[in-house]
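This report describes the fold of a single protein chain, from its sheets to selected residues and the surroundings of its ligand.

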Amino acid sequence: MATDLHRAVKTVGLTRSFDGRPVIDRLDLTLRHGEFTALLGHSGCGKSTLLRILAGLDREISGTVLVPKRRAVAFQAPRLMPWKRVWRNVLLGLPGRPEREVAERALEEVGLGHRSGAWPKTLSGGEAQRASLARALVREPDLLLLDEPFGALDALTRIKAQRLVDEVWQRRGCAVLLVTHDVDEALLLADRVLVMRDGVIAYDSPVTLDRPRDPGDRAFAAHRSRLLAELGVDEPVRSAA
Ligand SMILES: Nc1ncnc2c1ncn2[C@@H]1O[C@H](COP(=O)(O)OP(=O)(O)OP(=O)(O)O)[C@@H](O)[C@H]1O
């Protein structure tokens, strides 16, 4: 971890091009320790590319990227190895020879302790996603990168998964960067929302709503309107009845 105690991530002039076209174009970004940040933006604007760079999965960049050593990523698809039991999936890639108990503690944290010995194909979509989160948490991350982790879940499972991420974040106090297309999800969970456009962070705003948050209240609606306007999306007309 770098010397600055107040930030978990810093990029300066970060650029990533594909076929000569910059998708990320001299992007400057600082994320503070323990901050929950949501990243939005139109499809193809470079959100996943940025996340992959911060995760260390893409190094074809120019500019500066400072990130904590302890970082972990979970994707929309849980990416579990079908030939390994759940607990072995959780430990995958960890250095040393960690005990099953280490995996089980992380699985318990996400409410999946009872499925530790199961095969991935026997898990529901929500369970597989929680296993994927356990695999991230077992790394004790200072920075947790989440790329649309709830995107493929049904509405009810999604609400439960959002609550779980909220609890984990509150308990662990790690910085979280969540990529999402869902404005309400961003405003439910995050301290800060970013919108990416033309390769840079075009909008950066704190979310000044008390927790727990209620999508039905007026302050939430005001935040939603601002963010939708920033994204260039018209709000649905709400009936007064
Ligand atoms: N490996 C690659 N080779 C070529 N082009 C790529 C590659 N990865 C991403 N791109 C391009 O970079 C741009 C940004 O992609 P990225 O996946 O980061 O967008 P995104 O904002 O995450 O999109 P979505 O919201 O649809 O997931 C897109 O135009 C995409 O086609």
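According to the UniProt annotation, from an unreviewed entry, residues 9-223 are covered by "domain: ABC transporter". The model discussed here is predicted. Over residues 9-223 the chain is 32% helix and 27% strand, and the C-alpha atoms at the two ends are 25 Å apart.

## The six-stranded sheet

Six strands form an open sheet with mixed pairing, in the order E5-E6-E7-E3-E8-E9. Its edges are occupied by strand E5 (71-74) and strand E9 (200-206); each has a single partner strand, so one side of each is left without a neighbour in the sheet. On average, and with direction ignored, neighbouring strands of this sheet are turned by 20° against each other. Helix H4 (residues 125-137) packs on the sheet, where it touches E5 and strand E6 (143-147), and the direction of H4 makes about 170° with that of E5.

Strands of a sheet pair through backbone hydrogen bonds, in either the parallel or the antiparallel sense. In the present sheet, E5 and E6 are parallel and share four bridges, with Val73 standing opposite Leu145 in E6. E6 is in turn joined to E7 by five bridges, again in the parallel sense, and Asp147 has Val179 of E7 as its bridge partner. Strand E3 (residues 36-40) also runs parallel to E7, through four bridges; here Phe36 is partnered by Val176 of E7. Strand E8 (residues 192-197) and E9, by contrast, pair in the antiparallel sense over six bridges, and Met196 has Ile201 of E9 as its bridge partner.

Side chains in a regular strand alternate between the two faces of the sheet. In E7, Ala175, Leu177 and Val179 point one way, while Val176 and Leu178 point the other way, and all are buried. Strand E7 (residues 175-179) is largely enclosed by the rest of the structure, because five of its five residues are buried. What is the arrangement in E5, where Arg71, Val73, Ala72 and Ala74 are found? Arg71 and Val73 point one way from E5 and Ala72 and Ala74 the other way, and all are buried.

## The three-stranded sheet

A further open sheet consists of three strands in the order E2-E1-E4, with antiparallel pairing. Strand E2 (21-32) and strand E4 (62-66) stand at its edges, each with a single partner strand, so one side of each is left without a neighbour in the sheet. The average turn between neighbouring strands of this sheet, direction ignored, is 15°. Strand E1 (residues 7-18) is joined to E2 by eight bridges and runs antiparallel to it; Leu14 stands opposite Leu27 in E2.

Val12 is found in strand E1. Is this residue, Val12, buried or partly exposed? Val12 counts as partly exposed because it has 13 C-beta neighbours inside 10 Å. Apart from its neighbours within four places in sequence, Val12 is in contact with Asp28, Gly63 and Thr64. Val12 and Leu29 are 17 residues apart along the chain, and their C-alpha atoms are separated by 6.9 Å.

The strand pairs described in the two sheets are set out below.

| Strand pair | Sense | Bridges |
|---|---|---|
| E5 and E6 | parallel | four bridges |
| E6 and E7 | parallel | five bridges |
| E3 and E7 | parallel | four bridges |
| E8 and E9 | antiparallel | six bridges |
| E1 and E2 | antiparallel | eight bridges |

## Backbone exceptions

Most residues other than glycine have a negative phi, and most peptide bonds are trans. Asp19, although not a glycine, has a positive phi of about 50°. Asp19 is found in the loop between E1 and E2 and is exposed, because 5 other C-beta atoms lie within 10 Å.

Glu148 also has a positive phi, near 45°. Its place is the loop between E6 and helix H5 (155-172), and with 19 C-beta neighbours inside 10 Å, Glu148 counts as partly exposed; the threshold for a buried residue is 20.

Arg211 and Pro212 are joined by a cis peptide bond, with omega about -5°. Pro212 lies in the loop between E9 and helix H7 (218-231).

## The ligand surroundings

Which residues surround the ligand? The ligand is surrounded by Phe18, Val23, Gly41, Ser43, Gly44, Cys45, Gly46, Lys47, Ser48 and Thr49. Helix H1 (residues 47-55) contributes the largest share of this shell, three residues. By class, the shell residues divide into three nonpolar, six polar and one charged.

Note on methods:
Residues are numbered from 1 along each chain as its sequence is written. This is a predicted model: local features need pLDDT of at least 70, side-chain atom pairs count only at pLDDT 80 or more; totals for chains, interfaces and linings use all residues. A residue is near a molecule or strand if its C-beta atom, placed from the backbone, lies within 6 Å of it. Ala, Val, Leu, Ile, Met, Phe, Trp, Tyr, Cys and Pro count as nonpolar, Asp, Glu, Lys and Arg as charged, and the others, Gly among them, as polar. Two strands pair if DSSP finds at least two bridges between them. Axes are lines fitted to C-alpha atoms, for helices over the stretch in contact, and angles run from 0 to 180 degrees between N-to-C directions. Two residues are in contact if their C-beta atoms, placed from the backbone, lie within 7 Å. UniProt positions are given in the numbering used here, feature names are shortened, and annotations may be inferred rather than shown by experiment. A residue is buried if 20 or more other C-beta atoms lie within 10 Å of its own, exposed if 12 or fewer, and partly exposed in between; C-beta atoms are placed from the backbone.
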